[in-house]
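Biologist: Got a minute to go through this one with me? I'd like to start with the aromatics and then jump around a bit.
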Amino acid sequence: MKYYMNKTLEAQSFSGVKEKVTAALKEQGFGVLTEIDIQATMKKKLDKDYLPTVILGACNPGFADKVLTIDPNMSAMLPCNVTIRELENGKIEVSAIDPEAAMVPVGKEEIKPLAKEVKEKLAKAIEAIK
């Protein structure tokens with residue numbers, strides 16, 4: 001099972017794509033709680049060069065509340081990661097975790113429809129990015 005969904009964009013400003021991703025997530029009810037700059041972290045910690053890559057921790061509070069009400073330990077699965085990374089050819093890939101692939105194996109039937117809804121919202125957000 002594919003554990004993520006993605007879209008590749010033509011070469012453009014990385015910071016501009018990050019703004020578009022954040023706006024698209026907001027349209028679907030997600031806020032960005034965290035941002036990890038992989039390029040800067042790997043350079044600082046390992047002195048290794050990476051192309052620009054960020055991980056955004058996206059959260060839809062309504063869905064997070066529903067999932068945590070069912071199982072408080074699901075907090076280990078939150079927030080949903082959305083990545084933006086520049087590829088060697090200059091294009092930019094935006095990808096997000098597939099919540100169904102991540103949460104359904106937990107085995108809680110009540111979570112399955114919620115994971116599906118979150119997946120649909122993340123997919124809409126990714127599809128909206130141009």
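Biologist: How exposed is Tyr 4?
Modeller: Keep in mind this is a predicted model. Tyr 4 comes out as partly exposed, at 31% relative accessibility.

Biologist: And what about Tyr 3, buried or exposed?
Modeller: Tyr 3 is exposed, because its relative accessible area is 57% and the cut-off for exposed is over 50%.

Biologist: OK, how many aromatic pairs does a search of the whole structure find?
Modeller: Just 1. Tyr 3 and Tyr 4 form that aromatic pair, with 5.0 Å centre to centre.

Biologist: Which geometry do Tyr 3 and Tyr 4 have, stacked or edge-to-face?
Modeller: Edge-to-face, with 65° between the planes. The call follows because over 60 degrees counts as edge-to-face.

Biologist: Which charged end sits over the ring of Tyr 4?
Modeller: That of Lys 2, 4.8 Å from the ring centre. Over at Phe 63, the charged end of Lys 66 sits above the ring, 5.2 Å from its centre.

Biologist: Switching topic: where does Thr 83 lie?
Modeller: In strand 4, which covers residues 80-86.

Biologist: What is Thr 83 in contact with, leaving aside neighbours within four places in sequence?
Modeller: Val 54, Ile 55, Glu 93, Val 94 and Ser 95. With Ser 95 there's also a side chain to side chain polar contact, at 2.5 Å.

Biologist: And how far is Thr 83 from Cys 59, by C-alpha atoms?
Modeller: Those C-alpha atoms are separated by 14 Å, with the two residues 24 apart along the chain.

Technical notes. Residues numbered from 1 in each chain as written. Predicted model: local features only at pLDDT ≥ 70, side-chain atom pairs only at ≥ 80, totals over all residues. Heavy atoms only, no water. Helix = DSSP H or I, 4+ residues; strand = E, 2+ residues; numbered from the N terminus. Contact = heavy atoms within 4.5 Å. Polar contact = N/O pair within 3.5 Å; in protein donor to acceptor, adjacent residues only side chain to side chain. Phe/Tyr/Trp six-rings, centres within 6.5 Å; stacked < 30°, edge-to-face > 60°. Buried < 20%, exposed > 50% of the residue type's maximum accessible area, 1.4 Å probe, protein only. Lys NZ or Arg CZ within 6 Å of the ring centre and 35° of its normal.
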